[in-house]
Amino acid sequence: MGTLCGTFIKNPKNTRFDGEDDDEEILYIFRRSLITNLDWIGIAAIMLITPAIVRGVLAMNGLILSRGFIFTLSLFWYLTIAGFVFQNLMIWYYNVYIITNKKIVDVDFHGILFKNISEAPLKNIEDVTSNISGALEVIFNYGSVFIQTSAEKREFEFENIPNPSKVRDIISDMVTQLRGGHH
């Protein structure tokens, strides 16, 4: 997949984030694994076929509704589905975890009206742990990375990202290199 729908992006081009320093370089961007979207996609698919099932059941019971009522109800229903899909897609797309040459950043986007950004300098990272648990996570190689810091926010969690072991190694190697360069 390209950068637009990527879940593990190395050296992204033309990308910025709130709070980025002028001399800062984004090295990696991570999003939740694509497989984690299957739950809301399944719900949307069921919602899409529900009107046909309801019309069939009503017709079998001899209940006929006016065209205007069906049109209005259908319009409302499909607009609701579009909003549901749009919101879930935006949440997936804009919830990102960023590693720069200076820090880690966790951007939490909850709906259209709420965004929370947490960051910690690489020098404050004390421990990095990856976790893969459950059949789907093992099969599709996604999981979480827990980052302990000495900063104000003590723990960062990169949730449901692809290849968490590799991400853990990247962060650990960067911290080791940073500390090794100052000794």
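Student: What makes β3 and β4 a strand pair in this model?

Tutor: Two strands pair if there are at least two bridges between them. β3 and β4 have four bridges and run in the antiparallel sense, so they pass the cut-off. Bear in mind that this is a predicted model.

Student: Which residue stands opposite Asp106, and what joins the two strands?

Tutor: Tyr97 stands opposite Asp106 of β4. A hairpin of two residues takes the chain from β3 to β4.

Student: How do you know that β4 also pairs with β5?

Tutor: Again, at least two bridges are needed, and seven join β4 to β5 (residues 115-121), with the strands antiparallel. Val105 has Glu119 as its bridge partner in β5, and Asp108 has Asn116. The hairpin of β4 and β5 has five residues between the strands, and Gly111 in that hairpin takes a positive phi near 75 degrees.

Student: Why is β4 called largely enclosed?

Tutor: Buried means under 20% relative accessible area. Seven of the seven residues of β4 (residues 103-109) are buried, so the strand is largely enclosed by the rest of the structure.

Student: Which residues of β4 point which way?

Tutor: In a regular strand the side chains alternate between the two faces of the sheet. Lys103, Val105, Val107 and Phe109 point one way, Ile104, Asp106 and Asp108 point the other way, and all are buried.

Student: Where do these strands sit in the sheet, and what makes β1 and β5 the edge strands?

Tutor: The sheet is open, with five strands in the order β1-β2-β3-β4-β5 and antiparallel pairing. β1 and β5 each pair on one side only, and that is what puts them at the edges. From one strand to the next the twist averages 15 degrees.

Student: How many bridges hold β1 to β2?

Tutor: Three, in the antiparallel sense, which satisfies the requirement of at least two, so they count as a pair. Ile9 stands opposite Ile29 of β2. Helix α2 (residues 67-94) packs on this sheet, touching β3 and β4, and its direction makes about 175 degrees with that of β4.

Student: What about the other sheet: why is one side of β6 and of β8 left without a neighbour?

Tutor: That sheet is open too, with three strands in the order β6-β7-β8 and antiparallel pairing. β6 and β8 are at the edges with a single partner strand each, so one side of each has no neighbour in the sheet. Its twist averages 15 degrees from one strand to the next.

Student: What makes β7 and β8 a pair?

Tutor: Six bridges join these antiparallel strands, against a requirement of at least two. In this pairing, Phe146 stands opposite Glu157 of β8.

Student: How do you know that the length of helix α4 agrees with its number of residues?

Tutor: Take 1.5 Å a residue: the 17 residues of α4 (residues 164-180) should span 24 Å, and the end C-alpha atoms are 24 Å apart, so the two agree.

Student: Why say that the buried residues of α4 line one face?

Tutor: The buried ones are Pro164, Val167, Ile170, Ile171, Met174 and Val175. Seen down the axis they fall within an arc of 125 degrees, so they line one face of the helix. An α-helix has 3.6 residues a turn, so residues three or four places apart point the same way. On the other side of α4, Asp173, Thr176 and Gln177 are exposed.

Student: What does the buried side of α4 pack against?

Tutor: Its buried residues pack against β1, β2, β3, β6, β7 and β8. The helix lies across β6, β7 and β8, at about 165 degrees to β6. α4 also lies across β1, β2 and β3, at about 30 degrees to β3.

Student: Why is Ser130 called buried, and Glu152 exposed?

Tutor: Ser130 has 18% relative accessibility, so it counts as buried, the cut-off being under 20%. Glu152 has 83%, so it counts as exposed, which takes over 50%. Ser130 is in strand β6, whereas Glu152 lies in the loop between β7 and β8.

Student: What makes the link from Ser130 to Arg168 a polar contact?

Tutor: Their side chains come to 2.6 Å, and the limit is within 3.5 Å for a pair of N or O atoms. Ser130 also touches other residues, including Ser144, Val145, Pro164 and Ser165.

Definitions and conventions
Residues numbered from 1 in each chain as written. Predicted model: local features only at pLDDT ≥ 70, side-chain atom pairs only at ≥ 80, totals over all residues. Heavy atoms only, no water. Expected span 1.5 Å × (residues − 1). Buried < 20%, exposed > 50% of the residue type's maximum accessible area, 1.4 Å probe, protein only. Arc of directions from axis to C-beta. Contact = heavy atoms within 4.5 Å. Axes fitted to C-alpha atoms, helices over the stretch in contact; angles between N-to-C directions. Polar contact = N/O pair within 3.5 Å; in protein donor to acceptor, adjacent residues only side chain to side chain.
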